Amino acid sequence: MSKNLNLDDFGIYEGISEVIVTTIHGWTPNAAPMGIIRRKGKLFLRLFKGSTTYSNVLSEKMIVANVVWDPAMFVCSTFTDLEDSHFETVNFKGRNFVTLKNAQCWLAFECTNTKLTSDALVTELVPMKVHINKCIIRAPNRGLFGVIESCIHATRYQLTGEEKYLKLIKAYGDIVDKCGGDEEKEAMKLLYGLL
Ligand SMILES: Cc1cc2nc3c(=O)[nH]c(=O)nc-3n(C[C@H](O)[C@H](O)[C@H](O)COP(=O)(O)O)c2cc1C
């Protein structure tokens with residue numbers, strides 16, 4: 001793939017971009033929110049041990065980063081398995097990978113230079129194939145960010161059981177109430193139901 005690929009055109013800017021990463025092992029697709037790290041022109045993923053994404057990256061050495069604005073998708077892919085109907089299988093140079101049908105765009109990456117530590121892996125991402133489905137022009141909405149922050153605190157709450165995370169989720173929930181639309185409020189309800 002061209003080295004001149006402009007990541008900005010696919011919504012991946014300097015810093016950490018929250019995307020939904022899809023992977024496949026055998027015929028089983030998986031989706032989970034992950035942060036794509038872009039620093040000085042390079043892209044990385046840092047995965048903590050224990051997730052399906054972590055083991056799929058080790059075995060398959062490829063991922064797809066899906067750019068998604070759907071708040072329910074963030075909640076569901078954090079805590080449950082998405083239904084098969086959400087995925088689309090793409091074949092590229094004899095390899096199958098999965099993408100999300102409702103992604104604005106997706107980028108398929110090969111995972112290289114993977115380094116393991118005791119609790120995580122860091123892998124460098126090299127673009128293989130990219131695709132744009134639709135372009136949504138949308139001003140930042142604090143409700144969506146509130147749902148995303150809540151999902152992150154909810155994963156920490158599930159890991160540790162610490163009360164402080166519930167308080168943070170409640171605070172972000174208040175922002176979703178104030179600034180979110182119906183989709184964000186529904187997603188927040190889903191999240192409360194999963195805690
Ligand atoms: C917005 C967001 C970003 C996340 N980023 C990461 C990440 O960069 N690395 C990671 O290991 N986990 C991250 N997580 C946690 C995983 O999504 C979570 O552990 C998930 O349950 C893993 O699912 P899986 O087992 O299907 O792979 C993130 C969660 C959220 C909500």
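**Exercise 1. Describe the shell around the ligand in this predicted model, giving the residues that come nearest and the elements that supply the shell.**

Solution. Begin with the residues themselves: the ligand has 18 residues around it, and those that come nearest are Ala32, Pro33, Ser51, Thr53 and Cys151. Next, assign the shell to secondary structure, where at least two residues each are supplied by strand S2 (28–39), strand S3 (42–48), helix H1 (52–60), helix H2 (71–79) and helix H3 (142–160). Among the contributors to the shell, S2 gives the most, with 5 residues. Finally, sort the shell by class, which yields 9 nonpolar, 7 polar and 2 charged residues.

**Exercise 2. Explain where the ligand shell lies with respect to the two domains.**

Solution. The first step is to set out the division of the chain, which consists of domain 1 (7–132) and domain 2 (142–194). The second step is to ask which of these give residues to the shell around the ligand. Both domain 1 and domain 2 do, and therefore the shell lies between them.

**Exercise 3. Characterise the contact between domain 1 and domain 2, and the side of domain 1 that takes part in it.**

Solution. Taken over C-alpha atoms, the centres of the two domains are separated by 22 Å. Counting contacts, one finds 9 residues of domain 1 against 13 residues of domain 2. On the side of domain 1 that touches domain 2, H2 provides the largest share, with 6 residues. By class, the residues of this side of domain 1 comprise 7 nonpolar, 1 polar and 1 charged.

**Exercise 4. Decide whether H2 is mostly covered or mostly open, and identify what covers its buried residues.**

Solution. Apply the criterion that a residue is buried if 20 or more other C-beta atoms lie within 10 Å of its own. On that basis H2 is mostly covered, with 7 of its 9 residues buried. The buried residues in H2 are Pro71, Met73, Phe74, Val75, Cys76, Ser77 and Thr78. Their cover includes strand S1 (15–25), S2, H3 and helix H5 (182–194). H2 thus appears in three of the descriptions above and here: H2 supplies at least two residues of the ligand shell, gives the largest share of the side of domain 1 that touches domain 2, and is itself mostly covered.

**Exercise 5. Work out how strands S5 and S6 are arranged and what lies in the turn between them.**

Solution. Strand S5 (residues 87–92) pairs with strand S6 (residues 95–100) in the antiparallel sense, over 6 bridges. Within this pairing, Asn91 stands opposite Asn96 in S6. The two strands form a hairpin with 2 residues between them, and in the turn Lys93 has a positive phi of about 50 degrees.

Key:
Residues are numbered from 1 along each chain as its sequence is written. This is a predicted model: local features need pLDDT of at least 70, side-chain atom pairs count only at pLDDT 80 or more; totals for chains, interfaces and linings use all residues. A residue is near a molecule or strand if its C-beta atom, placed from the backbone, lies within 6 Å of it. Helices (H or I, at least four residues) and strands (E, at least two) are DSSP runs, numbered from the N terminus. Ala, Val, Leu, Ile, Met, Phe, Trp, Tyr, Cys and Pro count as nonpolar, Asp, Glu, Lys and Arg as charged, and the others, Gly among them, as polar. Domain bounds come from an automatic or database domain assignment. Two residues are in contact if their C-beta atoms, placed from the backbone, lie within 7 Å. Two strands pair if DSSP finds at least two bridges between them. A residue is buried if 20 or more other C-beta atoms lie within 10 Å of its own, exposed if 12 or fewer, and partly exposed in between; C-beta atoms are placed from the backbone.
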